[in-house]
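Please read the following walk through the model with the sequence and the coordinates open beside the text. The paragraphs go from single residues to ring pairs, then to charged pairs, and end at the ligand.

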Amino acid sequence: MSSITEAINELKAKLPAGVQLIAVSKTHPADYIREAYEAGLRHFGENKVQEMTDKQAQLPQDIRWHMIGHLQTNKVKYIAPYVHLIHSIDSPKLLATVDKEARKAGRVIDCLLQVHIAAEDTKFGFAPAEAEEYARSGAIGELTSVRIRGLMGMASFTDDTARVRAEFAALKALFDRLGRQCFAGTACFDTLSMGMSGDYEEAIAEGSTMVRIGNGIFGKRYYQL
Ligand SMILES: *Cc1c(COP(=O)(O)O)cnc(C)c1O
């Protein structure tokens, strides 16, 4: 058995029912994805539009592609025809663009609001208070071709698991509050995307419903220059 298949089987045995596994295949070749596909995975995450679109064209059409990286508005059109879930909505302008391109493609696209929960300020996303204000504003309700399914966040890169858990717990609390107060009429506000290779156990303990695992499945990433 290959190490990819082995890693997938081990992860599957560990993840509770109700937690969706997204295999983050960025930088890895299509052959690796095919192997993971053969081991039963259908959900793959990428962070670059061009790379995801190239892979989408050459791999089985029942793969569900997740955009997890920062998305520029002028590139939304390339993924609108096929993307399954966009985790990285980080501005009202981006969501409005996804809405427009989804309509052109004759689709409704599921999206998550990316919320900045880590202490480092290098990451994209809404501040928690901004996300809440945006959700309360009613502006999202005017968009007809996107559905906000939930939230995505990344914890700080640190060995301090108490801090990581506290960050995930804060995101879960926001998710619950928005679900009750802002998206209560939409039965589909059900996705909390948090947890990567290094911290998915903490994320699951704090209520994650979707984990995004790269290294833990495919091994180390090598960036080409
Ligand atoms: C790369 C990436 C992951 C996966 O990270 P690993 O440490 O390889 O599991 C998850 N989420 C996002 C947003 C990423 O960019």
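**Side chains, rings, charges and ligand**

His87 has a relative accessibility of 0% and therefore counts as buried, the limit for that class being under 20%. This histidine belongs to strand E4, which spans residues 85-89, and its side chain makes a polar contact of 3.0 Å with the side chain of Ser193. The model is a predicted one, and every value quoted here is to be read with that in mind.

Two further residues deserve a look before the pairs. Thr27 sits in the loop between strand E1 (20-24) and H2, and its phi is near 75°, a positive value in a residue other than glycine. Most residues other than glycine have a negative phi. With a relative accessible area of 27%, Thr27 is partly exposed. Helix H2 itself covers residues 30-38 and contains Glu35, which at 27% relative accessibility also counts as partly exposed. Although Glu35 and Ser2 are separated by 33 residues in sequence, their C-alpha atoms are 8.6 Å apart in space.

The aromatic residues come next. A pair of aromatic rings is described by the distance of the centres and the angle of the planes. Searching the whole structure gives 5 aromatic pairs. In one of them, the ring centres of Phe44 and Trp65 are 6.1 Å apart and the planes meet at 40°, so the pair is tilted. This pair links distant parts of the chain, since Phe44 is in strand E2 (residues 43-46) and Trp65 is in strand E3 (residues 64-67), 21 residues apart. Phe44 and Trp65 are both buried. The rings of Phe126 and Tyr134 have centres 5.5 Å apart and planes at 20°, and because planes under 30 degrees apart count as stacked, this pair falls into the stacked class. Phe126 and Tyr134 are buried as well. Elsewhere, ring pairs join Phe175, Phe183 and Phe189 into a cluster. A ring can also face a charge, as at Tyr37, where Arg42 lies over the ring face at 3.5 Å from the ring centre.

Turning to charged pairs, how many salt bridges does the model contain? The count comes to 14 salt bridges. One of these joins Glu46 to Lys55, with the closest N and O atoms 2.8 Å apart, and both Glu46 and Lys55 are buried. Another joins Asp110 to Arg149, where the closest N and O atoms are 3.0 Å apart. Asp110 is in strand E5 (residues 109-116) and Arg149 is in strand E6 (residues 146-154), so this salt bridge ties together parts that are 39 residues apart in sequence. Asp110 and Arg149 are both buried.

A further salt bridge, between Glu132 and Arg177, has its closest N and O atoms 2.9 Å apart. Here Glu132 comes from helix H6 (residues 128-136) and Arg177 from helix H7 (residues 161-181), so the pair ties together parts that are 45 residues apart in sequence. The partners fall into separate burial classes: Glu132, at 14% relative accessibility, counts as buried, whereas Arg177, with a relative accessible area of 28%, is partly exposed. Salt bridges that share partners also join Asp110, Arg147, Arg149 and Asp190 into one network, which brings the reader back to the pair of Asp110 and Arg149 described above.

The last stop is the ligand. Which residues are found around the ligand? They are Val24, Lys26, Ile68, Met154, Met196, Ser197, Arg212, Ile213, Gly214, Asn215 and Arg221. For Lys26, a polar side-chain atom lies 2.7 Å from an oxygen atom of the ligand. In the case of Arg212, an N or O atom of the side chain is 2.8 Å from a nitrogen atom of the ligand. Asn215 approaches through its backbone, with an N or O atom there lying 2.8 Å from an oxygen atom of the ligand. On its own the ligand has 390 Å² of accessible area, and the protein covers 90% of that area.

How values were computed:
Residues are numbered from 1 along each chain as its sequence is written. This is a predicted model: local features need pLDDT of at least 70, side-chain atom pairs count only at pLDDT 80 or more; totals for chains, interfaces and linings use all residues. Side-chain values use heavy atoms; hydrogens and water are left out. Rings of Phe, Tyr and Trp (its six-membered ring) pair if their centres lie within 6.5 Å; planes under 30 degrees apart count as stacked, over 60 as edge-to-face and the rest as tilted. Helices (H or I, at least four residues) and strands (E, at least two) are DSSP runs, numbered from the N terminus. Buried means under 20% relative accessible area, exposed over 50%, partly exposed in between (1.4 Å probe, protein chains only). A charge sits over a ring if NZ of Lys or CZ of Arg is within 6 Å of the ring centre and within 35 degrees of the ring normal. A salt bridge is a side-chain nitrogen of Lys or Arg within 4 Å of a carboxyl oxygen of Asp or Glu. A residue is near a molecule or strand if one of its heavy atoms lies within 4 Å of it. A polar contact is a pair of N or O atoms within 3.5 Å; within protein, one must be able to donate a hydrogen and the other to accept it, and residues adjacent in sequence count only if both atoms are side-chain atoms. Accessible areas come from the Shrake-Rupley method with a 1.4 Å probe; for residues, only the protein chains shown count as cover.
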